[in-house]
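Let us walk through this fold step by step. Keep the sequence and the 3D view side by side as you read.

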Amino acid sequence: MLYLIGLGLADEKDITVKGLEIVKNAARVYLEAYTAILLVDKEKLEAFYGRPVTIADREMVESSSDDILADASNVDVAFLVVGDPFSATTHSDLVLRARELSIPVRSIPNASILTAIGATGLQLYNFGQTVSMVFFLENWKPSSFYDRIKENVSIGLHTLVLLDIKVKEQSLENMARGRKIYEPPRFMTVAQCAVQMLETEEERKEGVYGKDSLAVGVARIGAEDQKIVVGTLEQLAESDLGPPLHSLVLLGRRTHDLEREFLKEFAVGKETFDSVWKRDYEGKQ
């Protein structure tokens, strides 16, 4: 059987008891390591699980899935996913491939950023579409995220923005030349995201948000040193939330007084927060 096992968001101890039991008894254990990362290295996982763990990068999962699924009709294979197994569509592809091979599949859920973002005090019912922000290049600055945010803003909903990570990726030159040379890992910060969002608004000029729009920056949610910062996009563009992983939430106008009280504790400047909230959010449902 193929088991897709959610690991949660922080460290080796976030796995569920059920998931740990499966890992300890599986014939092979793989760790998907490109849609997200845990805050501890593979060696810590192996020590806690008492099992060797094979890193499954993008190339293995998307191009060599049959290697992962080999003999899974007869033995148990554990595929570990940071967060929840189905937070990334890549893992649906793996399940579909297993079905084609008549391999039974079972998933073990866990916390993901989609639910853990509630630690900010924002009500999950008030979130719209989740969007992704990629690293801009000089000649490639996609803005499809802007249209999704525009739809959320139009009905007053918050937008969770998932930030780009680059792990074991090739440069365009190395890819074109067929060289297996990989770039150093990169993880987008809240500040970089805020800068790119403002750059896109300046380019599109549709007034979806602006430098005074309130947003929440989060880092390492679920870890002991998690950090939450609330401010305008202009303030967050100057923020430093420390090591990865980061995410950002752009507030919608459909807010609640409980959200305001919860968020104010994390505000970069409480006076600015109060004035912007009163002007742009209070009573604007």
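Which residue is the bridge partner of G217 in β11? Find the strand first. This is a predicted model. In it, β10 spans 214–219, and β11 spans 227–232. These two strands pair in the antiparallel sense, over six bridges. Look across from G217 into β11, and the bridge partner is V229.

Now widen the view to the sheet. Five strands build it, and the sheet is open. Read across it in the order β6-β7-β12-β10-β11. The pairing is mixed. At the edges lie β6 and β11, and each of them pairs on one side only. From one strand to the next, the twist averages 25°.

Next, turn to the nonpolar side chains. The largest nonpolar core holds 25 residues. Within this core, the residues with the most contacts are M133, F145, M197, Y209 and L248. Several elements each supply at least two residues of the core. Among them are the strands β6 (131–133), β7 (159–163) and β12 (246–250). Helices contribute too, including α7 (144–154) and α10 (233–236). The helix α9 (190–204) is also one of these elements. In fact, α9 gives the most to this core, with four residues.

Zoom in on M197. Leave aside residues up to four places away in sequence, and M197 touches M133, F145, I149, Y209, L233, L248 and L250.

One more group remains. A second core, separate from the one above, has 21 residues. L160, I228, V230 and Y281 are among them.

Terms used. Residues are numbered from 1 along each chain as its sequence is written. This is a predicted model: local features need pLDDT of at least 70, side-chain atom pairs count only at pLDDT 80 or more; totals for chains, interfaces and linings use all residues. Side-chain values use heavy atoms; hydrogens and water are left out. A nonpolar core is a set of buried Ala, Val, Leu, Ile, Met, Phe, Trp, Tyr and Cys residues joined through side-chain atoms within 4.5 Å. Buried means under 20% relative accessible area, exposed over 50%, partly exposed in between (1.4 Å probe, protein chains only). Contact means heavy atoms within 4.5 Å. Two strands pair if DSSP finds at least two bridges between them. Axes are lines fitted to C-alpha atoms, for helices over the stretch in contact, and angles run from 0 to 180 degrees between N-to-C directions.
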